[in-house]
Amino acid sequence: MIIEKAESIIQKLPLVNNYYMKNAAKIKREYCLFLHRFGYLKPISFVQWLATYQCNFCCPFCEATAGKAGENELTFDEVITLIDDLAEMRVKRFIISGGEPLCRSDLIEIMRYGNKKKMIFGLVTNSYLVEELWDQLKQFKYFLYFTSIDGLPEYHDIIRKKGSFKRVMKGIELFENIGVPSIMINTVVHPQNIEQLDDLLKFLKNSHNTLWRMAPLTKTGRAESKSKYFLEGHHLKYLVKFIKDNKDIMKIDLAESHTYLGCFSGQFVGKPFFCGAGLTRCSITPDGEVMGCHDVYDNSLSEGNIRQQAFSKIWKEGFSRFREKKRFHDSCKSCVHFNACQGGCWTEMKKQNTCLKPLWEKEN
């Protein structure tokens, strides 16, 4: 994406970068809408496919409520048709997620076909099965390896499964050995593990990851009604300070859905915020529903199903809820940070009718 190349140059110019950080979301959104107006908008960041809802774990805060495979998941032939369509659109970045995608028995064959179509993969996995499937997985080209760590080894194994922390670290090592450029560790941060971050940093700073990603929970999936997993304002402030204080030790940032929190602290951290939902990326559920945001699992918010319409047609004609200029709340338009966040995380606003600003400002 042209704007991303320009961004890397801008960030080296302090005065220009300060202006850009305050207006990045607006600039990027206007650029995407300009491309859309003339029919050139494509999912340049990625298209994400949730290969299955099946998972070998049952995490209490899973956004996808994963565990058992869905009743009507896409067949092998339907996924092949999707890949053909993406290839026609010249979409190169294809993220495979879940559930746990490595639980899908025909996944390697699907990846082989995608490889023939010049797809570059992103793999989102809990890493438990990586070493077992390594001889097959190592043959493909990846732009991203994305895995999760919930806390210190003992705590992580309690949340997931005994021995899983060790397997995560092994998976990171294996993908680093084949030169994957982006290796992300995701930590869902909640009140039960936030105090482990300092000690967890000692484990991770010498690992082979390229980014440690901190993700506050959005009220969706299995954790939606479990208030004990949601951060308070003082937690959010601690989290932003933790990232600032340790950014020279290793690359740490908020999840892309929440980098707008840096606006409230008066000093930006990490990448500038931009919600590319329905603009530069989208997600396809195991049963073929096309979602603008990869954190949404509600079929009432689907843009269409690839069983009824080709993905390329849905991309061109759908997503009006993400591309219309009047999608913002009045409270957003009057906010001093509006240009820097453009409404914040779409799913968060949809589920809660507000971003995390009121929580940030609340006295605890």
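Is Arg321 buried, exposed or partly exposed? Its relative accessibility is 26%, so Arg321 counts as partly exposed. Keep in mind as we go that this is a predicted model.

Arg321 has a partner worth finding on your screen: Glu303, with which Arg321 forms a salt bridge whose closest N and O atoms are 2.7 Å apart. Glu303 sits in the loop between strand S9 (290-291) and helix H11 (311-317), while Arg321 belongs to helix H12 (residues 320-323), so this pair ties together parts that are 18 residues apart in sequence. Glu303 counts as buried because its relative accessibility is 16%, and the cut-off for buried is under 20%.

The salt bridges number 12 by the rule used here, and two others are found within helices. In helix H9 (residues 233-246), Asp245 and Lys241 lie 4 residues apart, about one turn of the helix. Their closest N and O atoms are 2.6 Å apart, and Asp245, at 48% relative accessibility, counts as partly exposed. Helix H8 (residues 197-204) holds Lys202 and Asp199, which are 3 residues apart, again about one turn. Here the closest N and O atoms of the salt bridge are 3.4 Å apart. Lys202 counts as exposed at 55% relative accessibility, whereas Asp199 is partly exposed at 34%.

Now let's turn to the interior. In soluble globular proteins, nonpolar side chains tend to be buried together. The largest nonpolar core in this model has 108 residues, and Trp49, Leu137, Trp212, Met214 and Phe311 are those with the most contacts inside it. Trp212 is a good place to start looking: leaving aside neighbours within four places in sequence, its contacts include Ile185, Leu197, Leu201, Phe242, Met250 and Ile252, along with Thr187, Lys251 and Asp253. A second, separate core has 8 residues, among them Leu144, Phe146, Met184 and Leu211.

Nonpolar residues also appear on the outside. Ile9, Leu13 and Val16 form a surface patch with about 270 Å² of accessible area together. Ile9 lies in helix H1 (residues 2-10) and counts as exposed because its relative accessibility is 55%.

Finally, what about the cysteines? A disulfide is a covalent bond between the sulfur atoms of two cysteines. The count in this model is 0 disulfides. Cys103 is in none, and the nearest cysteine sulfur, that of Cys55, is 5.9 Å away. For Cys335, the closest cysteine sulfur is in Cys341, 5.9 Å away, which is too far for a bond. Cys335 has 15% relative accessibility, so this cysteine counts as buried.

Methods: Residues are numbered from 1 along each chain as its sequence is written. This is a predicted model: local features need pLDDT of at least 70, side-chain atom pairs count only at pLDDT 80 or more; totals for chains, interfaces and linings use all residues. Side-chain values use heavy atoms; hydrogens and water are left out. A nonpolar core is a set of buried Ala, Val, Leu, Ile, Met, Phe, Trp, Tyr and Cys residues joined through side-chain atoms within 4.5 Å. Buried means under 20% relative accessible area, exposed over 50%, partly exposed in between (1.4 Å probe, protein chains only). Contact means heavy atoms within 4.5 Å. Patches are made of residues with over 30% relative accessible area and no salt bridge: like charges are joined within 9 Å, nonpolar side chains (Val, Leu, Ile, Met, Phe, Trp, Tyr) within 5 Å. Accessible areas come from the Shrake-Rupley method with a 1.4 Å probe; for residues, only the protein chains shown count as cover. A salt bridge is a side-chain nitrogen of Lys or Arg within 4 Å of a carboxyl oxygen of Asp or Glu. Helices (H or I, at least four residues) and strands (E, at least two) are DSSP runs, numbered from the N terminus. A disulfide is a pair of cysteine sulfur atoms within 2.5 Å.
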